[in-house]
Amino acid sequence: EQVAPAPLVVPAEQVAPVELTGLLGHVVVGAGGSELGRIVDLLADGQGRVRAVVVDVGGFMGLGNRKVAVAWSALRFAAGEKGPVISIVIPPDRIKSWADYIAGRPVAILGAPDSGQ
């Protein structure tokens, strides 16, 4: 009779809630502190590394919105009064003119260090 192998025990890591944040729905601000949009998705590669976030930018009341993939490395996290402040170090006009992110199509990641952006 086969005995199932004991499950691998992984040590638990206790992290204070203030050190972790859910990113989906979080507002992203530009260099001047103006709101650029909200994070609506995370994009990971085949190795499970987060490469980019999808930001829903522009529009008013859901009209004219577009989604743009922004490199993870282009995000900056800072502590704010109501939680983390997530900013993008890319000029807003670059973001406005960037190609739309469309699920299932090749992704142009804005600000990826190896893309020369």
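Two strands count as paired here if DSSP finds at least two bridges between them. With that in hand, let's walk through this predicted model, starting from the overall plan.

The protein chain has one helix and six strands. Follow the sequence and you meet them in the pattern β-β-β-β-β-β-α. Of the chain's 117 residues, 29% count as buried.

Now for how the strands are laid out. They make an open sheet of six strands, in the order S4-S3-S2-S1-S6-S5, and the pairing is mixed. At the edges sit S4 and S5 (75-80), each of which pairs on one side only. Going from one strand to the next, the twist averages 40°. As a reminder, strands of a sheet pair through backbone hydrogen bonds, and they can do so in parallel or antiparallel fashion.

A good place to zoom in is S3, which covers residues 50-57. How much of S3 is buried? Six of its eight residues are, so the strand is mostly covered, with buried meaning under 20% relative accessible area. In the sheet order, S3 sits between S4 and S2, and both of those neighbours deserve a look.

On one side there is S2 (residues 35-44), which pairs with S3 in the antiparallel sense over seven bridges. The two strands form a hairpin, with five residues between them. In that turn, Gly-48 has a positive phi of about 85°. If you want a spot to check the register, take Arg-38, whose bridge partner in S3 is Asp-56.

On the other side, S3 is joined to S4 (residues 66-71) by six bridges, and this pair also runs antiparallel. Asp-56 turns up again here: its bridge partner in S4 is Lys-67. So you can step across three strands by going from Arg-38 to Asp-56 and on from Asp-56 to Lys-67. Val-57 has a partner in S4 as well, namely Arg-66.

Next, the aromatics. How many aromatic pairs does a search of the whole structure find? It finds one. The rings belong to Trp-72 and Phe-77, 5.7 Å centre to centre, with 50° between the planes. The pair counts as tilted because that angle falls between the cut-offs of 30 degrees for stacked and 60 for edge-to-face. Phe-77 is found in S5, which is one of the edge strands.

Are these two residues buried or exposed? Neither, quite: Trp-72 has 33% relative accessibility and therefore counts as partly exposed, and Phe-77, at 42%, also counts as partly exposed. Both help to make a nonpolar surface patch of about 440 Å², together with Leu-24, Leu-42, Val-50. Two of the strands we have already visited contribute to that list: Leu-42 falls within S2 (residues 35-44), and Val-50 falls within S3 (residues 50-57).

One last stop is Gly-25, which lies in the segment before S1 (27-29). Gly-25 counts as partly exposed because its relative accessible area is 36%. Its C-alpha atom is separated by 8.6 Å from that of Asp-41, although the two residues are 16 apart along the chain.

Methods:
Residues numbered from 1 in each chain as written. Predicted model: local features only at pLDDT ≥ 70, side-chain atom pairs only at ≥ 80, totals over all residues. Heavy atoms only, no water. Buried < 20%, exposed > 50% of the residue type's maximum accessible area, 1.4 Å probe, protein only. Helix = DSSP H or I, 4+ residues; strand = E, 2+ residues; numbered from the N terminus. Axes fitted to C-alpha atoms, helices over the stretch in contact; angles between N-to-C directions. Phe/Tyr/Trp six-rings, centres within 6.5 Å; stacked < 30°, edge-to-face > 60°. Patch = residues over 30% accessible without salt bridge, like charges linked within 9 Å, V, L, I, M, F, W, Y side chains within 5 Å. Areas by Shrake-Rupley, 256 points an atom, 1.4 Å probe, with all protein chains shown as cover. Salt bridge = Lys/Arg side-chain N within 4 Å of Asp/Glu carboxyl O.
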